[in-house]
Amino acid sequence: MSVPEPVLPRIRPEIAALPPYRQGKAAGAGGFKVSSNENPFAPLPGVVEAVHAASDLNRYPDATAARLRERLGERYGVSADAVIVGAGSVSLLAAFIQAAAGAGDEVVYAWRSFEAYPGLVLVAGAENVQVPLLPDGRHDLDAMAAVVTERTRVILLCTPNNPTSSIITSEEFHAFIGRVPADVLVLLDEAYVEFASGAVDGLRERVFEKHPNVVVLRTFSKAYGLAALRVGYAIGHPRVLDAARSTAIPLSVTAHAEAAALASLDHAPELAERVAEIAARRDALAAALRGIGWRVPEAQGNFVWLDGADQTAADAFEEAGIIVRPFPEGIRISVGEPEAIARILEVAAAVAPRA
Ligand SMILES: *Cc1c(COP(=O)(O)O)cnc(C)c1O
């Protein structure tokens, strides 16, 4: 007797066609997961204690994470209402895109870039406009400015760009923003800015003062190593942030995430030390990879891009216990433990392109 197929609820066809998010595989025993740009270091001093101390589990957290907003506002010289905190900066990206772009609107961004962008745009009901990267992995800002139309509502800029690790410089950013209509929302995604040098720094340069249409997004997931807790923030004109306050899911930032972020901000010197260590490992890894024949664009995030590396190379890494992130155009490798780096270089040498 065959069981009849149940009738399933009708789903928007574009959503039904969307592949669900799949997390990178876990590494086996003795292996390394260098596929998610995670930080190899344990949380900064005092963070675990602060999380344990946040023990009122029966109470909702503070809905706007006011203490963290105050603290970030002080740090960057803006008022607390120029800061919005979200459950990871991905959730803030979603809130801003949904607030600004709907059916018939366009969202422009470089491609290849952050994997989350296409899905966020599609869920909002807007159109994805992807502008190919330059051959060296940088944003083609001229081409991006050229595709802006009446229908463009949002432009996403990712610097350092995930997955190519290339930056947008301050000069490039300012030349670009001068060509963008003032009523188009520009989301400057600086998830990896702590690892970069020479990149535009939207907060230090206070780009949102001269350009209220620019919002700068940061996260505690990468340099601060708090990926498990889900906390990120955006800084911009308070009235622009209001749009995301309306679309964000209320109370999604936990008390634990806020406590951990606050405790982390007390340890700027230790953070700088770790970031410098990761950047040094990255530079050595990139140089060594180039030395054995790989094309590796200037790496400014906590990851390097093996341009043109294919699935065969990804399989070879996996066989050696190294879980990397393969894309159609190349492979992204996060900079983790020193032991992982030594093994990455062994495999990369074995599968290097012939000169
Ligand atoms: C990791 C990442 C983020 C932020 O991730 P959250 O964990 O949600 O804060 C944002 N943008 C890019 C490009 C990233 O790689």
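What follows is a chat about a predicted model of a protein with a ligand.

Me: Let's start with the ligand. Which pocket does the ligand sit in?
Reply: Happy to help! The ligand sits in the largest pocket.

Me: And how many residues are around the ligand, and which come nearest?
Reply: There are 13 residues around the ligand, and those that come nearest are Ser89, Tyr192, Thr219, Ser221 and Lys222.

Me: What's the shell like by class?
Reply: The shell around the ligand is made up of 5 nonpolar, 5 polar and 3 charged residues.

Me: Good, now polar contacts. What is 2.7 Å from a nitrogen atom of the ligand?
Reply: That would be Asp189, through a polar side-chain atom.

Me: What about oxygen atoms of the ligand? Which part of Ser89 is involved, backbone or side chain?
Reply: For Ser89 it is the backbone: one of its polar backbone atoms is 2.7 Å from an oxygen atom of the ligand. Lys222 uses its side chain, with an N or O atom there 3.2 Å from a ligand oxygen atom.

Me: How much of the ligand's accessible area does the protein cover?
Reply: On its own the ligand has 390 Å² of accessible area, and the protein covers 94% of that.

Me: Switching topic to annotation. What does UniProt list for residues 33-346?
Reply: The UniProt record, an unreviewed entry, gives "domain: Aminotransferase class I/classII large" for that stretch. In the model, residues 33-346 are 38% helix and 17% strand, and the C-alpha atoms at the two ends are 16 Å apart.

Me: Now backbone geometry, before I set anything up. Where is there a cis peptide bond next to a proline?
Reply: Between Thr159 and Pro160, with omega at about -10 degrees. Pro160 belongs to the loop that runs between β5 (152-158) and α7 (170-177).

Me: And which residue is joined to Trp111 by a cis peptide bond?
Reply: Arg112 is, and omega for that bond is about 15 degrees. Arg112 itself is in the loop between β3 (106-111) and α5 (116-124).

Me: One more: is phi of Ala65 positive or negative?
Reply: Positive, near 50 degrees, in a residue other than glycine. Ala65 is located in the loop between α2 (47-53) and α3 (66-76).

Me: Why do you point these out?
Reply: Because most peptide bonds are trans, and most residues other than glycine have a negative phi.

Terms used: Residues numbered from 1 in each chain as written. Predicted model: local features only at pLDDT ≥ 70, side-chain atom pairs only at ≥ 80, totals over all residues. Heavy atoms only, no water. Near = heavy atom within 4 Å. Polar contact = N/O pair within 3.5 Å; in protein donor to acceptor, adjacent residues only side chain to side chain. Areas by Shrake-Rupley, 256 points an atom, 1.4 Å probe, with all protein chains shown as cover. 1 Å grid on protein atoms, 1.4 Å probe; cavity = no way out; pocket = protein on both sides within 12 Å on 5 of 7 lines; lining within 4 Å. Sits in = over half its atoms within 2 Å of the grid points. Nonpolar A, V, L, I, M, F, W, Y, C, P; charged D, E, K, R; others polar. UniProt positions renumbered as here; feature names shortened; annotations may be inferred. Helix = DSSP H or I, 4+ residues; strand = E, 2+ residues; numbered from the N terminus.
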